[in-house]
Amino acid sequence: MEPNNYSETLNKDRAGFLLEVERVRKTFPGVVALDNVQLKVRPGTVHALMGENGAGKSTLMKIIAGVYIPDQGEVRLNGKTLHLHGPLGALEAGIAMIHQELNLMPYMTIAENIWIRREPLNAFGMVNHDRMNRMTETLFERLGIDMDPEMDVRRLTVAGRQMIEIAKAVSYESDVLIMDEPTSSLADREVEHLFRIINDLRAQGKGIIYITHKMDEVFEIADDISVFRDGQFIHSAAASDMTSDEIIKLMVGREVTQMFPKEEVPIGDVVLSVDSLSLDGVFENISFEVRAGEILGLAGLVGSGRTNVAETLFGVTPPSSGRIVIDGKEEVISSPHQAMLRGLALLTEDRKETGLFLGLSVIENMEMAVLRDGYTRATFVEQHRLDQECDSMTERLSVKTPSMDERIGNLSGGNQQKVLIGRWLMTKPRILILDEPTRGIDVGAKAEIHKLITELVRNGVAVIMISSELPEVLGMSDRIMVMHEGRVTGFLDRSEANQVNIMELASAPVQPPVAHD
């Protein structure tokens, strides 16, 4: 379908749109982010906005939320044209947004984060913390959230912070709520919880714009769907009138096959052996092996300890006890640099907090891991060779950027993730640990990343892949290790694994098993 031919599905016999976007255009230096796009949201509905990374979804949402001012076009709420000059104006108008990248203040409490700039005051003009905490408790009771309002945000998991962002947005009682990848760090139970909240908001007549790359979520929660591609509006229809294959084809302009291109490759010798690894109060007695050419999937609910194990292997946090053996030799890894020297690489779960240098350029972010050891001669950086390698990696991963000198904070989340993957591939690792490798990545790019992982194991790399998306774990893994509350509860071969037995192991502890090949 050609851009700008708005589907009659949403127009026929439907009046009284809550939010209307018409003819919006937005450009940045060297980039047309949006070109004459439109969007219409009905009250009491969830409108899913689909598209590849760089399609313009987040840019449009930031325009609606007052972060960006459009070059041309109009945004109407309840039939009234909005002239927004900042996020505060959008909130006052009745529009709240949960951003893809979390923006909480880590050294403030949960309650302080939720009610910032709206704190209740006492008779002396000072913040009434007792009342603010009670307000938070009332909000949490309404949303079914069990957290201490006085806890510092820095102590929360990524999933916990995501729920606080959701609660903060709901607290504004807005007419329109924008959710940009709200489940990217949530496990299945947290997603179910979020969907209950969304259904309550829908029953109150709220309009919800829902951005996600997870196709199963779209058909579970959305009433209407709009598709963007390359900054242009492509199509809108009722969710009941579309299929996942149709959506993917509209998104990428082509059919995407082999989402999980798993192929049988020779499994080599044991590269990494972990024996009774423990970190006091976090996980205990973790034992497993990974072989060259093997993908070991790590599954478990949020808080199971998967990320902590990965960080310990990479030297972020030294273990309390246990052994790490690489190529038959016991190693003591007390820093990421030592881990890298031994052939390990770690793509971290949260690209903003622990991966990216947002103020630096694309090329500076990509070359970060190899400057010290890979491209220096007599203390001088071989910049020309390094630039060529970065250009080659950018092309290999199809990173969309105006130039290598573009500030990485200006790229879409998915393209930021590709840059981080490129950074670690440039170290030529023998053991690659991927923590949520396709978080925030569209279906087309996700298939490309899966194909890349297959290419790596074909070349003998041992891969440990942590993912909250069970289809990804099942589709890509040779074996799956399942964790629950810091302990291994089971190992499953590819032939016997399914979503049911993974969730059973992830939900209820059993006697710790013995790892098998």
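**Exercise 1. The surroundings of isoleucine 433**

Leaving out neighbours within four places in sequence, find which residues isoleucine 433 is in contact with in this predicted model.

*Solution.*
- Step 1: Set aside the residues within four places of isoleucine 433; the contacts that are left are Ala310, Leu313, Leu344, Ala345, Leu346, Leu347 and Ile464.
- Step 2: Place the residue itself, and you will find isoleucine 433 in strand 19.
- Step 3: Check its accessibility. The relative accessible area of isoleucine 433 is 1%, and buried means under 20%, so isoleucine 433 counts as buried.
- Step 4: For a view across the model, go to glycine 51, which is 382 residues away from isoleucine 433 along the chain. The C-alpha atoms of these two residues are 28 Å apart.

**Exercise 2. Two residues with positive phi**

Work out where asparagine 78 and glutamate 436 lie, and what phi each one has.

*Solution.*
- Step 1: Begin with asparagine 78, in the loop that runs between strand 4 (72-77) and strand 5 (80-81). Its phi is positive, about 55°, although asparagine 78 is not a glycine.
- Step 2: Move on to glutamate 436. Here the loop is the one between strand 19 (431-435) and helix 16 (443-458). Glutamate 436 also is not a glycine, and its phi is positive at about 55°.
- Step 3: Is glutamate 436 buried or exposed? With a relative accessible area of 6%, glutamate 436 is buried.

**Exercise 3. Helix 7 and what covers it**

Describe the span of helix 7, then list its buried residues and the elements that cover them.

*Solution.*
- Step 1: Helix 7 takes in residues 188-203, which makes 16 residues. From its first C-alpha to its last it reaches 23 Å, close to the 22 Å expected at 1.5 Å a residue.
- Step 2: Pick out the buried residues of helix 7: Val191, His193, Leu194, Phe195, Ile197, Ile198, Leu201 and Arg202.
- Step 3: As you look at that list, it helps to know that an α-helix has 3.6 residues a turn, so residues three or four places apart point the same way.
- Step 4: Now find the cover. Among the helices covering the buried residues of helix 7 are helix 5 (129-143), helix 6 (158-171) and helix 8 (215-221). The strands in the cover include strand 3 (45-50), strand 7 (176-180) and strand 8 (207-211).
- Step 5: Look just past the end of helix 7, where glycine 205 has a positive phi of about 90°.
- Step 6: For a closer look at helix 5, choose asparagine 133, which is found in it. Asparagine 133 is buried, with a relative accessible area of 11%. Not counting residues up to four places away in sequence, asparagine 133 touches Ala111, Pro149 and Glu150.

**Exercise 4. Two domains and a cavity**

Explain why the largest cavity lies between domain 1 and domain 2.

*Solution.*
- Step 1: Take the bounds from the domain assignment, which gives domain 1 (19-254) and domain 2 (269-506). The contact takes 29 residues from domain 1 and 26 residues from domain 2.
- Step 2: Count the cavities of 30 Å³ or more: the structure holds four. The largest of them contains about 90 Å³ of space.
- Step 3: Examine the lining of the largest cavity. It has 15 residues, and those nearest the cavity's centre are Ser184, Lys214, Thr438, Arg439 and Glu469. By type, the lining divides into two nonpolar, six polar and seven charged residues.
- Step 4: Put it together. Both domain 1 and domain 2 give residues to this lining, so the largest cavity lies between them.

Definitions and conventions: Residues are numbered from 1 along each chain as its sequence is written. This is a predicted model: local features need pLDDT of at least 70, side-chain atom pairs count only at pLDDT 80 or more; totals for chains, interfaces and linings use all residues. Side-chain values use heavy atoms; hydrogens and water are left out. On a 1 Å grid over the protein atoms alone, a cavity is a set of points where a 1.4 Å probe fits but cannot get out, and a pocket is an open set with protein on both sides within 12 Å along at least five of seven lines; lining residues have an atom within 4 Å of a point. Grid points are joined across faces, edges and corners, and a volume is the space filled by probe spheres set on the points. Ala, Val, Leu, Ile, Met, Phe, Trp, Tyr, Cys and Pro count as nonpolar, Asp, Glu, Lys and Arg as charged, and the others, Gly among them, as polar. Domain bounds come from an automatic or database domain assignment. Helices (H or I, at least four residues) and strands (E, at least two) are DSSP runs, numbered from the N terminus. Buried means under 20% relative accessible area, exposed over 50%, partly exposed in between (1.4 Å probe, protein chains only). The expected span of a helix is 1.5 Å times one less than its number of residues. Contact means heavy atoms within 4.5 Å.
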